[in-house]
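Colleague: I am new to reading protein models, and I would like to learn how to look at one feature after another. Could we go through an example together?

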Amino acid sequence: MICSRSLDDLLPEVASLAKEHDRLCQEAGLDLLIYCTYRDFEWQAGLYQNKRTAEEISIGVAKLRSIGREDLAKCLETPQKLSIVLPAKTVTWALPGYSFHQYRRAYDCVPMVGGKPVWSLTTSTAPVWMRVGEIGEKLGLEWAYRWPKQKREVFHFQLTGGKTIQDLLSGR
């Protein structure tokens with residue numbers, strides 16, 4: 001199982017944008033920690049399994065089978081043991097194969113203030129997060145904070161390259 005933080009594990013264009021995102025944040029007086037780049041299907045399955053019921057996982061398995069991805073269905077129905085401690089809530093909405101991380105097109109980051117990561121978006125941390133997001137968006141990255149409220153997250157940036165998850169799942 002792999003969860004990388006190396007920019008070398010991203011597609012070159014995405015790695016370049018991540019470096020520029022970091023550089024522009026530095027110029028704006030913000031330290032940025034990029035903590036997750038590429039992750040394989042098993043790692044994604046482990047994240048998806050976190051805090052979900054057996055019934056919820058079965059629904060995900062059925063969805064993967066319905067699109068002909070038996071490999072991903074088996075991955076999801078096999079309990080994955082991650083080498084990190086996860087929070088007491090779901091951390092992803094993406095089934096294995098449904099995250100741009102698996103296609104080397106996404107990274108997760110967090111601003112650092114006073115040498116400490118800013119893990120939450122609150123009234124007091126909103127200006128820092130908004131600046132990080134705006135900088136990423138100006139570079140042409142999609143910021144997951146702009147997603148529908150249920151799936152919204154501040155940490156995630158991706159470059160789709162005009163591709164959809166369905167394109168990537170089918171190898172296009």
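Modeller: We shall take two helices, then the cysteines, and then a few single residues, keeping in mind that this is a predicted model.

Colleague: Let us begin with helix H5, then: how far apart are its end C-alpha atoms, and what span should its 13 residues have?

Modeller: Helix H5 covers residues 126–138, and at 1.5 Å a residue it should span 18 Å, which agrees with the 18 Å between its end C-alpha atoms.

Colleague: Which residues of H5 are buried, and which are exposed on the other side?

Modeller: The general idea is that an α-helix has 3.6 residues a turn, so residues three or four places apart point the same way. In H5 the buried residues are Val-128, Trp-129, Val-132, Gly-133, Ile-135 and Gly-136. Seen down the axis of H5, these buried residues fall within an arc of 160°, so they line one face of the helix. Pro-127 and Lys-138, on the other side of H5, are exposed.

Colleague: What do the buried residues of H5 pack against, and which residue with a positive phi follows the helix?

Modeller: They pack against helix H1 (12–27) and against four strands, namely S1 (31–36), S2 (106–113), S4 (142–143) and S5 (156–158). After H5 comes Gly-140, whose phi is positive, near 95°.

Colleague: Now I would like to try helix H3: which of its residues are buried, and how are they placed around the axis?

Modeller: In H3, the buried residues are Ile-57, Gly-60, Val-61 and Leu-64. They cover an arc of only 100° around the axis, which puts them on the same side of H3. On the other side of H3 we find Glu-55, Ile-59 and Ser-66 exposed, while the buried residues pack against helix H2 (41–49) and H4. H3 itself, residues 54–66, reaches 18 Å from its first C-alpha to its last, close to the 18 Å expected, and it is followed by Gly-68, whose phi is positive, near 80°.

Colleague: How many disulfides does the structure hold?

Modeller: A disulfide is a covalent bond between the sulfur atoms of two cysteines. The structure holds 0 disulfides. For Cys-75, the nearest cysteine sulfur is that of Cys-3, 14 Å away, and Cys-75 counts as buried at 9% relative accessibility. For Cys-109, the nearest cysteine sulfur belongs to Cys-25 and is 7.0 Å away, and Cys-109 is also buried, with a relative accessible area of 0%.

Colleague: Is Lys-81 buried or exposed, and where does it lie?

Modeller: Lys-81 lies in the loop between helix H4 (70–77) and S2, and at 76% relative accessibility Lys-81 counts as exposed, because the cut-off for that word is over 50%. Lys-81 and Lys-138 are 57 residues apart in sequence, and their C-alpha atoms are 37 Å apart in space.

Colleague: Finally, what does Glu-142 touch, and with which side chain does its own side chain make a polar contact?

Modeller: Glu-142 lies in strand S4 and is partly exposed, with a relative accessible area of 32%. Leaving out residues up to four places away in sequence, Glu-142 touches Trp-147, His-156, Phe-157, Gln-158 and Thr-160. Phe-157 is 15 residues from Glu-142 along the chain, yet their C-alpha atoms are separated by 5.6 Å. The polar contact joins the side chain of Glu-142 to the side chain of Trp-147, at 2.6 Å.

Terms used:
Residues are numbered from 1 along each chain as its sequence is written. This is a predicted model: local features need pLDDT of at least 70, side-chain atom pairs count only at pLDDT 80 or more; totals for chains, interfaces and linings use all residues. Side-chain values use heavy atoms; hydrogens and water are left out. Helices (H or I, at least four residues) and strands (E, at least two) are DSSP runs, numbered from the N terminus. The expected span of a helix is 1.5 Å times one less than its number of residues. Buried means under 20% relative accessible area, exposed over 50%, partly exposed in between (1.4 Å probe, protein chains only). The arc is that of the directions from the helix axis to the C-beta atoms. Contact means heavy atoms within 4.5 Å. A disulfide is a pair of cysteine sulfur atoms within 2.5 Å. A polar contact is a pair of N or O atoms within 3.5 Å; within protein, one must be able to donate a hydrogen and the other to accept it, and residues adjacent in sequence count only if both atoms are side-chain atoms.
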